[in-house]
Amino acid sequence: YDKLPGGISFINKDKLSLSVVTNGNKITEEEKKILLLLWNSQNKMDKNENLIDYLNLSSKEYIERVKIYFNLHKEPNIPEDYIFTADNYFKMILIDIKANANIPILLMGETGCGKTYLIRMICQVYNIQLKILNVKL
């Protein structure tokens, strides 16, 4: 992925379409001209020709974005009580990008902050069984 001011861009799993995730919904005129060449047939922009505002999507809209990124043809098996946020979405995509690039990933956080649940969601998307091993010292 390439870094853009205030965001990232990446190629979706279909290897044909591009997603750009920013911390807002506006980009510079120069960036818009370049990206319009790539997005012309992908309908990634809203009617005002602004980027999708990933900070203000609903949980259902994040799931739609997950379907696009992971090239899923059906709804991912994500529990109804799981609430997608911008943070969860960004982490899920970045974990996938790093895993595919064989970059080691370390998740750190307080007990109960959602590390295991996030990995469960990634496993649900990939339809793989997660095995959890608790190690006590």
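**Note on the predicted model: Asp96, the core and helix α4**

1. The side chain of Asp96 makes a polar contact with the side chain of Tyr126, at 2.2 Å. This is a predicted model, and that distance comes from its atoms.

2. Where does Asp96 lie? It lies in helix α3, which covers residues 86-100. Tyr126 belongs to helix α4, residues 115-126. The polar contact between the side chains of Asp96 and Tyr126 therefore joins α3 to α4.

3. Is Asp96 buried or exposed? Asp96 has a relative accessible area of 3%. The cut-off for buried is under 20%, so Asp96 counts as buried.

4. Which residues does Asp96 touch, leaving aside neighbours within four places in sequence? Its contacts are Lys13, Tyr69, Phe70 and Tyr126. Phe70 also appears in the next point, on the core.

5. The largest nonpolar core has 21 residues. Those with the most contacts inside it are Tyr62, Val66, Phe70, Ile78, Phe84, Tyr89 and Met92. Helices α2 (59-69), α3 and α4 each supply at least two residues of this core. The most come from α3, which gives six. In soluble globular proteins, nonpolar side chains tend to be buried together.

6. Take Ile78, one of the core residues with the most contacts. Not counting residues up to four places away in sequence, Ile78 touches Ile63, Phe84, Met121 and Val125. Phe84 is also on the list of core residues with the most contacts. Met121 and Val125 are buried residues of α4.

7. Now helix α4 itself. It has twelve residues. From first C-alpha to last it reaches 17 Å, close to the 16 Å expected at 1.5 Å a residue. Buried in α4 are Leu118, Met121, Ile122, Cys123 and Val125. What do the buried residues of α4 pack against? They pack against α2 and α3. Just after α4, Asn127 takes a positive phi of about 55°.

8. A word on confidence. The chain averages a pLDDT of 76, and 67% of the residues score at least 70. Among the elements, helix α4 has the highest mean pLDDT, 88. Strand β1, residues 2-4, has the lowest, 43.

9. Two stretches call for care in reading. Over residues 1-5 the pLDDT stays under 50, and the model has twelve contacts for them beyond four places in sequence. Residues 44-48 are also below 50. That stretch has twelve contacts in the model beyond near neighbours in sequence.

Technical notes: Residues are numbered from 1 along each chain as its sequence is written. This is a predicted model: local features need pLDDT of at least 70, side-chain atom pairs count only at pLDDT 80 or more; totals for chains, interfaces and linings use all residues. Side-chain values use heavy atoms; hydrogens and water are left out. pLDDT is the predictor's confidence in each residue, from 0 to 100. Helices (H or I, at least four residues) and strands (E, at least two) are DSSP runs, numbered from the N terminus. Contact means heavy atoms within 4.5 Å. Buried means under 20% relative accessible area, exposed over 50%, partly exposed in between (1.4 Å probe, protein chains only). A polar contact is a pair of N or O atoms within 3.5 Å; within protein, one must be able to donate a hydrogen and the other to accept it, and residues adjacent in sequence count only if both atoms are side-chain atoms. A nonpolar core is a set of buried Ala, Val, Leu, Ile, Met, Phe, Trp, Tyr and Cys residues joined through side-chain atoms within 4.5 Å. The expected span of a helix is 1.5 Å times one less than its number of residues.
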